[in-house]
Amino acid sequence: NLDNGLSFTTQVGNFLQNFDRNTVITIASGLNGSQTNLGQASNVSTSQVIIPQRDTGFFGQTEINWSDKVIATVGVRGDKSTNNGDANKTYYYPKGNLAVNIHKFSDLGFVSTFKPRVAYGESGRFAPFNARFTNFNAQFIGGVSGNTIGNLRGNPNIEPERQSELEYGLDLGLFNNRLRVEASLYNKKIDDLLLQASTPTSSGFTSQFTNGAELVNDGIELYLDALVVDSDNFSWSTNLKWWKNKSEVTRLDVPSFTVGGFAASLGTFQIQEGKPA
């Protein structure tokens, strides 16, 4: 805290997340009556999935406040994960925001709050565990156990998704904040979108995870809050929220495809370049 009204709040730290997931699923059929001993079943099948993952990184940010008139924040985060193609590479995600409380500079009459603001930030999403490696499947041929290569091809160059968002906004309060309006405009872009794409079967595989698309979302959010009645024995407030979002697949490195929905006969979602998601 400085004498000229400036104050700084700084945070730094690091993190380590270590996951060791071991899932065993045993299915037994042909149990008699209320028998719950799996060894008494006529047919038993077991599957096991082991997923290790180790994420590490750091973060740091500083908030600068000048007498609650101007508030700004700058920061950065660095992440790395064993799920990335290069497990030792650190990916950096910056952020920053600025807000100006204009109503604190002078008396604006019935305008009790007038705060324009702008913010920018980036974040990432790691690839799933099986994106980097080519798995093997167990096989029994002639009573001899062995391994065959699975249908999902590993991608040693897989990288995390990167999401960036720029937002503009205005907070307005009237009549001692009995009427408040908040408005925001945003542009959100997701680059290096993670997709499980089909591959030519001549490669010996059927699919592979890839950073194969870019998705853009543009939207607006409006919020209105009014304190209609405020007395000792009775108060009445009401609010209204309205928002709109428009998406577009601006880049698609693989052929268009369908995903999700309610099955092929009832409709699915078509992902195509130049169209909404």
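Aspartate 68 is placed in the loop between β2 and β3 (70–81). In this predicted model, the phi of aspartate 68 is near 60°, a positive value in a residue other than glycine. Most residues other than glycine have a negative phi. Aspartate 68 counts as partly exposed because its relative accessibility is 37%, a value that falls between the 20% limit for buried residues and the 50% limit for exposed ones.

Phenylalanine 105 belongs to another loop, the one between β4 (91–100) and β5. Leaving aside neighbours within four places in sequence, phenylalanine 105 is in contact with Trp66, Lys69, Val70 and Val100. One of these contacts, valine 70, is 35 residues from phenylalanine 105 in sequence, and the C-alpha atoms of the two residues are 10.0 Å apart in space. Phenylalanine 105 has a relative accessibility of 42% and therefore counts as partly exposed.

Strand pairing was examined next. Strand β5 (residues 111–125) and strand β9 (residues 161–174) run antiparallel and are joined by 14 bridges. Within this pairing, valine 118 stands opposite tyrosine 168 in β9. Strand β9 also pairs with strand β10 (residues 179–191), again in the antiparallel sense, over 13 bridges. Here glutamine 163 has isoleucine 190 of β10 as its bridge partner.

The hairpin of β9 and β10 has 4 residues between the strands, and in it phenylalanine 175 takes a positive phi near 55°. Asparagine 176 lies in the loop between β9 and β10 and likewise has a positive phi, near 60°, in a residue other than glycine. With a relative accessibility of 68%, asparagine 176 counts as exposed because this value is over the 50% cut-off.

Lysine 189 is found in strand β10. At 32% relative accessibility, lysine 189 counts as partly exposed. Apart from neighbours within four places in sequence, the contacts of lysine 189 are Arg162, Gln163, Ser164, Glu214, Leu215 and Val216. Lysine 189 and valine 249 are separated by 60 residues in sequence, with 9.9 Å between their C-alpha atoms. The next residue along the chain, isoleucine 190, touches Glu161, Arg162, Gln163, Ala213, Glu214 and Leu215, when residues up to four places away in sequence are not counted.

Isoleucine 190 is also part of the largest nonpolar core, which has 10 residues. Its other members are Leu193, Leu195, Ala197, Ala213, Leu215, Val249, Leu252, Val254 and Ile271. Two or more residues of this core come from each of β11 (194–198), β13 (213–230) and β14 (235–252). Apart from this core lies another, of 6 residues, among them Ala131, Leu152, Ile158 and Phe209. In soluble globular proteins, nonpolar side chains tend to be buried together.

Strand β11 also takes part in an open sheet, formed by 3 strands in the order β8-β12-β11 with mixed pairing. The edge strands of this sheet are β8 (152–153) and β11, each of which pairs on one side only. Between β11 and strand β12 (residues 207–211), the pairing is antiparallel and extends over 5 bridges. Serine 198 has serine 207, in β12, as its bridge partner.

The pocket analysis gave a volume of about 190 Å³ for the largest pocket. The lining of this pocket consists of Val49, Ile50, Ile51, Phe129, Asn130, Asn135, Phe136, Asn137, Gly150, Asn151 and Leu152. The elements that give two or more residues to the lining are β2 (43–66) and β6 (136–141), and β2 gives the most, with 3 residues. By residue class, the lining divides into 6 nonpolar and 5 polar residues, with no charged ones. Leu152 is thus listed both in the lining of the largest pocket and among the members of the 6-residue core.

Conventions. Residues are numbered from 1 along each chain as its sequence is written. This is a predicted model: local features need pLDDT of at least 70, side-chain atom pairs count only at pLDDT 80 or more; totals for chains, interfaces and linings use all residues. Side-chain values use heavy atoms; hydrogens and water are left out. A nonpolar core is a set of buried Ala, Val, Leu, Ile, Met, Phe, Trp, Tyr and Cys residues joined through side-chain atoms within 4.5 Å. Buried means under 20% relative accessible area, exposed over 50%, partly exposed in between (1.4 Å probe, protein chains only). Contact means heavy atoms within 4.5 Å. On a 1 Å grid over the protein atoms alone, a cavity is a set of points where a 1.4 Å probe fits but cannot get out, and a pocket is an open set with protein on both sides within 12 Å along at least five of seven lines; lining residues have an atom within 4 Å of a point. Grid points are joined across faces, edges and corners, and a volume is the space filled by probe spheres set on the points. Ala, Val, Leu, Ile, Met, Phe, Trp, Tyr, Cys and Pro count as nonpolar, Asp, Glu, Lys and Arg as charged, and the others, Gly among them, as polar. Two strands pair if DSSP finds at least two bridges between them.
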